[in-house]
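User: I would like to go through the labels on this model and see how each is earned. Please set the values against the definitions as we go.

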Amino acid sequence: MVAGNHEHAALGLMDLRWFNPWARAAARWTGEQLDQGHRDYLSGLSLVRVIEDATLVHASPRNPDEWDYLISPEDGLGVFGDFATRLCFVGHSHLPGVWSVGSGGPDHAGRLDAPEAQVRLDDGRRYLINVGSVGQPRDRDPRACYAIWDREARSVAIRRVQYDHTAAARKILAAGLPRALAERLAHGA
């Protein structure tokens with residue numbers, strides 16, 4: 001795990017004015033729910049972590065504490081010099097996608113919306129992979145999205161699964177959080 005902007009916001013480590021009003025309310029609410037053990041755990045998370053040949057970072061490997069969004073082909077392709085591993089996994093935009101560079105030139109697959117998208121990790125290429133979002137998807141697909149890196153098969157699967165977003169929305173409303181946070185779950189927006 002790595003820390004992201006919402007963890008930092010809930011811990012009071014960043015200015016909440018950076019957030020829209022809904023996210024600001026969620027960050028404040030989350031901060032109020034944390035006991036000291038949770039605070040200690042979240043405070044111990046780094047912004048960047050390297051595991052074998054993969055870099056994990058919430059937003060961008062370039063200045064991770066600036067929370068840049070990697071969305072366009074240029075956004076992703078521009079940060080390959082900012083990580084030394086073969087793979088880099090990000091998630092901040094909540095939009096699953098893949099950038100790669102190698103002898104065949106640069107490539108970008110910007111919308112991975114099949115129930116399971118398989119990324120084959122070819123020799124001689126490096127990859128930046130946005131794993132999507134289990135919660136609060138933003139690509140108009142309400143299913144939870146996550147990735148599985150299979151080192152032996154040399155692949156990354158981007159998977160989508162249904163979940164009870166209606167129940168999640170009810171819990172958001174019951175907590176007194178903004179209605180927009182609940183309503184967006186059904187639309188993946």
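Analyst: Gladly! Strands are DSSP runs of E with at least two residues, helices are runs of H or I with at least four, and both are numbered from the N terminus. With those runs in place, R140 falls in the loop between strand 7 and strand 8. Please keep in mind that this is a predicted model.

User: What makes R140 count as exposed?

Analyst: Exposed means a relative accessible area over 50%. R140 has 62%, so the label fits. Its backbone deserves a look as well: R140 has a positive phi of about 65 degrees although it is not a glycine. For context, most residues other than glycine have a negative phi.

User: Where is H94 found, and is H94 buried or exposed?

Analyst: H94 sits in the loop between strand 3 and strand 4 (97-102). Buried means under 20% relative accessible area, and H94 has 14%, so it is buried. H94, which is not a glycine, also has a positive phi, about 70 degrees.

User: How many helices and strands does the protein chain have, and why is it called as compact as a globular protein of that length?

Analyst: The protein chain has 6 helices and 9 strands. Its radius of gyration is 17 Å, while the globule rule gives 16 Å for 189 residues; the two values are close, so the chain is as compact as a globular protein of that length. Its C-alpha atoms fill a box of roughly 50 × 30 × 30 Å along the principal axes. Of the 189 residues, 44% are buried. Among contacts with a separation of 6 or more, 60% come from residues 24 or more positions apart.

User: Why is the pair D82 and R62 called a salt bridge?

Analyst: The definition asks for a side-chain nitrogen of Lys or Arg within 4 Å of a carboxyl oxygen of Asp or Glu. The closest N and O atoms of D82 and R62 are 2.8 Å apart, so the pair passes the cut-off. D82 lies in the loop between helix 4 (73-77) and strand 3 (87-90), and R62 in the loop between strand 2 (54-57) and helix 4, so the salt bridge ties together parts that are 20 residues apart in sequence. Partly exposed covers the range between the 20% and 50% cut-offs, which takes in D82 at 32% and R62 at 35%.

User: How do you know that D123 and R154 form a salt bridge, and where do they lie?

Analyst: Their closest N and O atoms are 2.5 Å apart, and the cut-off is 4 Å, so the pair qualifies. The salt bridge links distant parts of the chain, 31 residues apart: D123 is in the loop between strand 6 (116-120) and strand 7 (125-130), and R154 is in the loop between strand 8 (144-150) and strand 9 (155-161). D123 has 60% relative accessibility and is exposed, whereas R154 has 35% and is partly exposed.

User: Which residues are joined into one network, and how many salt bridges are found in the whole structure?

Analyst: Salt bridges that share partners join D139, D141, R143 and R160 into one network. A search of the whole structure gives 9 salt bridges. One of them pairs D15 with R17, N to O, at 2.7 Å. D15 is partly exposed at 40%, and R17 is exposed at 69%.

User: What makes E52 exposed, and which residues is E52 in contact with?

Analyst: E52 is at 56% relative accessibility, and the cut-off is over 50%, so it counts as exposed. E52 lies in the loop between strand 1 (48-51) and strand 2. Contact means heavy atoms within 4.5 Å; leaving aside neighbours within four places in sequence, E52 reaches T85, W149 and R151 in this way.

User: One last stop: which residues of helix 5 are buried, and what do they pack against?

Analyst: In helix 5 (residues 165-174), H165, A167, A169 and I172 are buried. These buried residues pack against helix 6 (179-187). Following helix 5 comes G176, with a positive phi near 85 degrees.

Methods: Residues numbered from 1 in each chain as written. Predicted model: local features only at pLDDT ≥ 70, side-chain atom pairs only at ≥ 80, totals over all residues. Heavy atoms only, no water. Rg over C-alpha atoms; globule rule 2.2 N^0.38 Å. Buried < 20%, exposed > 50% of the residue type's maximum accessible area, 1.4 Å probe, protein only.
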